Amino acid sequence: ESGRRGGATMDNVPLYVREDARNASFLGSSALASDVRDVMRAEGDRETVLETEKDPTSEELGEDVDYIAFPDEDEQAVDAATEDGDAQEPEEEVYEQERTRQERDGPPWDLPPETIASPWLRLHEEVLAFARFVTPTKQERNAREEAVERVRQVVESIWKNAQLQVFGSFATGLYLPTSDIDAVILRSGCRQVQDGLRALANALSRRGMAKNVQVISKARVPIIKFQEKESGFQFDISFDVANGPQAAQFLNKWLQEIPQVRPICLVVKFFLQQRELNEVYTGGIGSYALLTMIVAFLKTHPSRRNRLGNRKSLEGSLGVLLVDFFRLYGKLLNKRNVGITASEGGMFYNKEERNFLNDGRPYLLSVQDPVDSDNDLARNSYNISKVTSAFDFAFQMLTTPKIMSSSSILESILDWKRDSLLIERAELIKASMLDNSLAEAKHEGEGVNGEDPTPKVAKSRKRKGKRRKGENSQKKQRKD
């Protein structure tokens with residue numbers, strides 16, 4: 001917000017709201033249209049820079065713009081017919097049965113009670129339920145840690161003093177079941193990064209631990225990509241680039257300071273993944289940039305100030321914050337002229353003055369790296385127009401009266417019916433809960449000496465059965 005309104009002081013910052021959205025206001029504050037029109041103006045009589053150009057069209061980009069609707073089932077279906085017929089495999093039959101059951105029962109995550117009348121409170125509860133649903137289980141965390149340990153042993157067999165440190169979503173706990181494991185090798189003493197990458201590739205191949213090994217040595221940050229055979233997890237490993245672990249420390253600090261970050265991030269990550277807009281190499285938004293965008297949004301949210309510019313606590317409703325997030329990045333942000341950062345208490349900045357303006361692609365979003373102030377995290381997100389339109393779509397859906405009165409509001413933007421990952425996860429969690437229940441029952445039934453209670457239970461049931469049989473025999477004799 002502008003310095004005169006109590007926010008961070010910024011010079012020569014153009015209006016952060018797009019011209020075609022100047023009359024909009026956030027849900028999570030008392031800000032009116034006049035607030036939005038006034039904020040972020042430059043000092044003195046300097047003219048405000050507004051976004052007047054439109055984002056590039058699909059013809060200009062030369063790309064398919066079907067990024068909101070999911071592909072038709074006919075496009076996704078794979079012809080499974082063979083010479084012997086087109087019968088389904090047993091696993092496919094189980095999957096279809098589970099999908100049919102869930103379509104009848106509703107989304108796999110818990111829904112808020114029907115007694116809650118407020119749609120914002122119901123959306124708040126549903127966001128929390130979805131976050132719990134996709135949060136990694138203990139078994140999933142252990143599987144990833146074991147995979148990292150196996151790779152660490154290979155690294156230390158080549159360089160005894162080297163350290164393998166994980167960062168990214170695995171280090172923050174915000175990874176999805178299909179997320180890669182990002183790691184960096186430090187203190188290897190390797191002078192040529194390319195030689196180190198090849199040495200690691202050869203060591204993994206000799207041990208038969210990896211498949212689909214790729215050494216990308218000509219990138220700005222050279223990495224090796226491979227799939228660990230035993231776990232199936234995808235690894236991306238770099239050399240002697242310490243900013244990854246440093247960024248993880250920043251992110252973990254933010255996650256502790258702002259608890260609203262985690263549930264919102266998990267919802268938006270799944271939202272982007274379902275539309276294949278969650279990878280930088282395909283022009284989408286990466287995990288690090290997304291998390292920085294969320295933190296910056298929460299730090300600059302209008303609920304943090306009142307009409308006099310005094311600081312207040314952040315809006316508590318996750319439903320309101322989620323909708324406001326989609327609204328800012330999908331409708332309001334003047335991304336041609338303005339960037340956003342989570343540093344310095346969270347603020348908007350002039351892209352040109354920070355050398356983040358790409359003359360060839362002025363429509364790109366700009367997100368400053370909190371670790372390296374000269375790095376723009378969104379500079380390679382060339383499909384940002386698709387991301388923006390998808391966010392706008394989410395805002396429109398979440399604020400439609402018919403959807404806001406439905407039993408599941410998130411279902412309108414998270415298409416779980418066609419997402420095998422969510423359906424399979426429901427079965428995984430059920431199995432995990434059953435295993436935990438059995439373990440707890442066994443623990444509660446153990447004797448003083450820690451003996452397995454199962455034999456005792458079986459003997460007790462056997463004795464009861466004999467006793468009932470004797471009682472029935474006596475009753476029969478008396479009846480005769």
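Which residues of helix 11 are buried? I looked this up first and found Ala289, Leu290, Leu291, Thr292, Met293, Ile294, Val295, Ala296, Phe297, Leu298 and Lys299.

**Entry: the model**

I note that this is a predicted model. I counted 16 helices and 7 strands in the chain. The chain has 480 residues, and 44% of them are buried. I then looked at contacts between residues at least 6 apart in sequence, and 68% of these join residues at least 24 apart.

**Entry: confidence**

I read an average pLDDT of 75 for the chain, with 66% of the residues scoring at least 70. By element, the lowest mean pLDDT, 32, belongs to helix 1 (residues 33-38), and the highest, 96, to helix 13 (residues 384-398). Over residues 29-91 pLDDT stays under 50, and I found 109 contacts beyond four places in sequence for that stretch in the model. Residues 447-469 also stay under 50 in pLDDT, and for them the model has 6 such contacts beyond four places in sequence. Where pLDDT is low, the predicted coordinates should not be read in detail. I therefore leave the details of low-pLDDT coordinates unread.

**Entry: helix 11**

I went back to helix 11 (residues 287-299), which has 13 residues. From first C-alpha to last it reaches 18 Å, close to the 18 Å expected at 1.5 Å a residue. Helix 11 is mostly covered, with 11 of its 13 residues buried. I asked what covers these buried residues, and the list includes helix 9 (243-257), helix 10, helix 12, strand 6 (338-341) and helix 13.

**Entry: helix 10**

Helix 10 (residues 261-274) was next, with 14 residues. I read a reach of 20 Å from its first C-alpha to its last, close to the 20 Å expected at 1.5 Å a residue. Of its 14 residues 13 are buried, so helix 10 is largely enclosed by the rest of the structure. After helix 10 comes glutamate 276, with a positive phi near 55°.

**Entry: helix 5 and its two partners**

Two packed helices are described by the angle between their axes and the distance between the axes. I looked up both values for two pairs that involve helix 5.

The axes of helix 5 (residues 119-134) and helix 12 (residues 318-332) cross at roughly 85° and come within 7 Å. Angles of 65 to 115 degrees count as roughly perpendicular, and helix 5 and helix 12 are therefore roughly perpendicular to each other. On the helix 5 side I listed Trp120, Leu123, His124, Val127 and Leu128; on the helix 12 side, Leu318, Gly319, Val320, Leu322 and Val323. The residues of this contact divide into 8 nonpolar, 2 polar and no charged.

How far apart are the axes of helix 5 and helix 10? I found 9 Å, with a packing angle of about 75°. Helix 5 and helix 10 are therefore roughly perpendicular to each other. Here Val127, Phe130, Ala131 and Val134 in helix 5 meet Pro263, Leu266, Val267 and Phe270 in helix 10. By class I noted 8 nonpolar, no polar and no charged residues in the contact of helix 5 with helix 10.

**Entry: leucine 422**

I located leucine 422 in helix 15 (residues 420-445). Is leucine 422 buried or exposed? With a relative accessible area of 0%, leucine 422 is buried. Leaving aside neighbours within four places in sequence, I found leucine 422 in contact with Pro108, Trp109, Phe130, Phe133, Val134, Phe270, Gln274 and Trp416. Leucine 422 and tryptophan 109 are 313 residues apart in sequence, yet 9.1 Å apart in space, C-alpha to C-alpha.

**Entry: threonine 137**

Threonine 137 sits in the loop between helix 5 and helix 6 (138-158). I read 14% relative accessibility for threonine 137, which counts as buried. The C-alpha atoms of threonine 137 and leucine 428 are separated by 9.4 Å, although the two residues are 291 apart along the chain.

**Entry: positive phi**

Most residues other than glycine have a negative phi. I looked at two further residues with a positive value. Asparagine 212, in strand 3 (residues 210-216), has a phi near 55°. Its relative accessible area is 54%, and asparagine 212 is exposed. Glutamate 344 is in the loop between strand 6 and strand 7 (347-350), and its phi is about 55°. I noted 54% relative accessibility for glutamate 344, which counts as exposed.

Terms used:
Residues are numbered from 1 along each chain as its sequence is written. This is a predicted model: local features need pLDDT of at least 70, side-chain atom pairs count only at pLDDT 80 or more; totals for chains, interfaces and linings use all residues. Side-chain values use heavy atoms; hydrogens and water are left out. Helices (H or I, at least four residues) and strands (E, at least two) are DSSP runs, numbered from the N terminus. The expected span of a helix is 1.5 Å times one less than its number of residues. Buried means under 20% relative accessible area, exposed over 50%, partly exposed in between (1.4 Å probe, protein chains only). pLDDT is the predictor's confidence in each residue, from 0 to 100. Contact means heavy atoms within 4.5 Å. Axes are lines fitted to C-alpha atoms, for helices over the stretch in contact, and angles run from 0 to 180 degrees between N-to-C directions. Angles under 35 degrees count as roughly parallel, over 145 as roughly antiparallel, 65 to 115 as roughly perpendicular and the rest as oblique. Ala, Val, Leu, Ile, Met, Phe, Trp, Tyr, Cys and Pro count as nonpolar, Asp, Glu, Lys and Arg as charged, and the others, Gly among them, as polar.
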